[in-house]
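Please open the structure in your viewer and keep the selection panel at hand. The stops below say what to select next and what is to be found there.

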Amino acid sequence: MEPTSVMNDIDAYIRKEFLDGDSSVDLTFASPLLEWGILNSMNTTRLATFVSERYEVTVSPRDMSPDNFRTIENVALMVLDKRRARPTV
């Protein structure tokens, strides 16, 4: 799984769900989602649910730290780390 693909999925979700599809917002993979107010507690929970379902990973309460949700890149790295840590069958 490519990191850029995961970041693009997360970017598209954020734009659709939290920015009303506004593509003019200058959002990058490194934009500070929490500082800009894009993510609040409810939106962070919604994003965690999205990545859990989309990538079949478990986002635990411990994972719900500001560090993991600071940027799109941070969220993607968390997802990729969790996918690598999954047991293979």
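Begin by selecting Phe-18, which counts as buried because its relative accessibility is 14%, buried meaning under 20% relative accessible area, exposed over 50% and partly exposed in between (1.4 Å probe, protein chains only). Before going further, note that this is a predicted model, in which local features need pLDDT of at least 70 and side-chain atom pairs count only at pLDDT 80 or more, while totals for chains, interfaces and linings use all residues. Residues are numbered from 1 along each chain as its sequence is written, and side-chain values use heavy atoms, with hydrogens and water left out.

**The aromatic rings**

Keep Phe-18 selected and add Tyr-13, which at 14% relative accessibility is likewise counted as buried. Rings of Phe, Tyr and Trp (its six-membered ring) are taken as a pair if their centres lie within 6.5 Å, and the pair is stacked with planes under 30 degrees apart, edge-to-face over 60 and tilted for the rest. By this rule there are two aromatic pairs. The ring centres of Tyr-13 and Phe-18 are 5.6 Å apart and their planes stand at 90 degrees, so this pair is edge-to-face.

Now add Phe-50, whose ring is stacked with that of Tyr-13, at 4.2 Å centre to centre and with 15 degrees between the planes. Because Tyr-13 lies in helix H1 and Phe-50 in helix H2, this pair ties together parts that are 37 residues apart in sequence; helices here are DSSP runs (H or I, at least four residues), as strands are (E, at least two), numbered from the N terminus. Phe-50 counts as buried at 18% relative accessibility. With the three residues displayed together, you have the cluster that ring pairs make of Tyr-13, Phe-18 and Phe-50.

**Along helix H1**

Select H1 as a whole, residues 3-18. This helix has 16 residues and reaches 22 Å from its first C-alpha to its last, close to the 22 Å expected at 1.5 Å a residue, where the expected span is 1.5 Å times one less than the number of residues. Its buried residues are Val-6, Met-7, Ile-10, Asp-11, Tyr-13, Ile-14, Arg-15 and Phe-18, and what covers them includes H2 and H4, a contact meaning heavy atoms within 4.5 Å. Just after H1, select Asp-20, which takes a positive phi of about 55 degrees.

**The salt bridges**

Side chains of opposite charge can pair when their charged atoms come close. A salt bridge here is a side-chain nitrogen of Lys or Arg within 4 Å of a carboxyl oxygen of Asp or Glu, and the structure holds seven of them. Select Arg-15 and Asp-11, whose side chains meet in one such bridge with 3.1 Å from N to O. Both residues lie in H1, four residues apart, about one turn of the helix, and both are buried.

Next select Lys-16 and Glu-17, which form a salt bridge with their closest N and O atoms 3.7 Å apart. Lys-16 is exposed, with a relative accessible area of 59%, whereas Glu-17 is partly exposed at 30%.

Move on to Asp-63 and Lys-82, whose side chains meet in a salt bridge of 2.8 Å, N to O. This pair links distant parts of the chain, 19 residues apart, with Asp-63 in the loop between helix H2 (41-55) and helix H3 (66-69) and Lys-82 in helix H4 (residues 72-85). Asp-63 counts as buried at 10% relative accessibility, and Lys-82 as partly exposed at 22%. Returning to Lys-16 and Glu-17, add Arg-46, since salt bridges that share partners join Lys-16, Glu-17 and Arg-46 into one network.

**Helix H4 and Ser-52**

Select H4, which has 14 residues and reaches 20 Å from its first C-alpha to its last, close to the 20 Å expected at 1.5 Å a residue. Ile-72, Val-75, Ala-76, Met-78, Val-79 and Leu-80 are buried in this helix, and H1, H2 and H3 are among the elements that cover its buried residues.

For the last stop, where does Ser-52 lie? Ser-52 lies in helix H2 and is buried, with a relative accessible area of 19%. Its C-alpha is separated by 8.3 Å from that of Val-79, 27 residues apart along the chain. Leaving out residues up to four places away in sequence, Ser-52 touches Val-57 and Val-59. Finally, display the backbone oxygen of Ala-48, which lies 2.8 Å from a polar atom of the Ser-52 side chain.

Key
Polar contact = N/O pair within 3.5 Å; in protein donor to acceptor, adjacent residues only side chain to side chain.
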